[in-house]
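Visitor: Could you take me through some of the labels attached to this model, setting each value against its definition?

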Amino acid sequence: MSNLQRILILGTGPASIQLAVTLKDHLNCCIGITGRQSVRSASVFSALEESKGRIQVSIQNEKHQSLAGECYVDHVFKGYDTIDGKWDTLILAVTTDAYIDVLEQMKNDFIKQLKCIILISPTFGSNRLVTHYMRERNAAPELISFSTYLGDTRWMHEHPSNHVITTGVKKKVYICSTLYPSEQVSKLCQVYERLGVALEVMRSPLEAETRNISLYVHPPLFMNDFSLEAIFGASDIQKYIYKMYPEGPITQVLIREMRAQWQEIMNITDRLHIQGVNLLQFMTDDNYPVRLESISRQDIENFNQLQVIHQEYLLYIRYTSLLIDPFSEPDSEGKYFDFSAVPFRKTFMNREGELDIPRMPKEDYYRIKIIQGIARHLDVNCPTINQFITRYEAKLQEVADAHPDQRLSSAFSIQSFEEDIRMICTGLVSSRV
């Protein structure tokens, strides 16, 4: 019997609403939603209460019609400590750095009855982290890792509610379970196929977790002096994440660091006997394609075998080719859609009255610290990753020192994530003799 009959989704963000509608529609299951009590989640809980549990997903592009819909949530729990009833499967749709924090708020009896836990957007090592944590609580559910969430979903009217819009959908997502074969993975593959998303089953959860493009591009794009100034600085001049300098951070040096960091992650995966990623192929085939006039198929497929300077050249070409959407229709003046004009979000006052850091790079700090911890455990040298972290932490300290009287969110704390790294690395063995 499937364990996807009674599903509880953790988190009250837009992705949770999309997942609830999709699973209800395709699996005809009982769905619950829970989240921590906060100023933001209060708006969601209030909207759910007023609508008697109704949630709605709209789409931006008609070809994504299979993701649109509405349904009624069967159960809503305000606070992780209020969960009751029997549940087969838990879906963690919270940020990766919050996994252990939310699990710790749940009662032991609830944890022990779970048959399956699904990580929607984990980072490298998340499956091992949650598996280890569950073992320490004498629980051994099946643990499934996706590589990443299936698309881009946001609030319909820019504020938290019961209505979201999905603006983009990935062509391909990766998945792996701690069990093989897995009936749950088979069912999820069927669901994703109906959504028009290819779901590829990998050999290990760690391997699936390496297939998240954010691991490879976010640290170089955000953890450089230009981007950190755009996020934390006082200037009102808008800068853009994917544009070339001086409109954005992309320079010869940034591309060099992006390639170097990818190589350091490849050294880690090699040490673990995990199939690494062809970065250029992953970027073009699984994320955003470019025209073959810009980069040849041969260069894409042979990227890993090319010399360093050739790899850097191709990555630079890739970003310049995506300054506009090369597959959009030009207007009467021959202008294509300005694809790269994604603005940096600046630090902001959160609903708790604290100065806070946008999700990017806040989440990326956790991701890259975990990778650094794994690299140190395996004795893999990672100077580029170390440099990203040094830059970012120096900026956190600088901003904190400049705002002695300002309430700062916990995101400004310099952290080691030592306990998470310990749990991930316990039993993680290097292939080197």
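**Salt bridges and a helix crossing**

Guide: Glu 393 and Lys 369 form a salt bridge, their closest N and O atoms lying 2.9 Å apart. This is a predicted model, in which local features need pLDDT of at least 70 and side-chain atom pairs count only at pLDDT 80 or more, while totals for chains, interfaces and linings use all residues. Residues are numbered from 1 along each chain as its sequence is written, and side-chain values use heavy atoms, with hydrogens and water left out.

Visitor: Why is the contact of Glu 393 with Lys 369 called a salt bridge?

Guide: The term requires a side-chain nitrogen of Lys or Arg within 4 Å of a carboxyl oxygen of Asp or Glu, and the closest N and O atoms of this pair are 2.9 Å apart, so the definition is met.

Visitor: What makes Lys 369 count as buried or exposed?

Guide: Buried means under 20% relative accessible area, exposed over 50%, and partly exposed in between (1.4 Å probe, protein chains only); Lys 369 has 9% relative accessibility and therefore counts as buried, and Glu 393, at 16%, is buried as well.

Visitor: Why is Asp 152 called partly exposed?

Guide: Asp 152 has a relative accessibility of 34%, so it falls in the partly exposed class; its salt-bridge partner Arg 154, with N to O at 2.6 Å, is also partly exposed, at 42%.

Visitor: Which residues are joined into one network by salt bridges that share partners?

Guide: Arg 359, Glu 363, Asp 364 and Arg 367 are joined in this way, and within that group Glu 363 bridges to Arg 359 at 3.6 Å between the closest N and O atoms.
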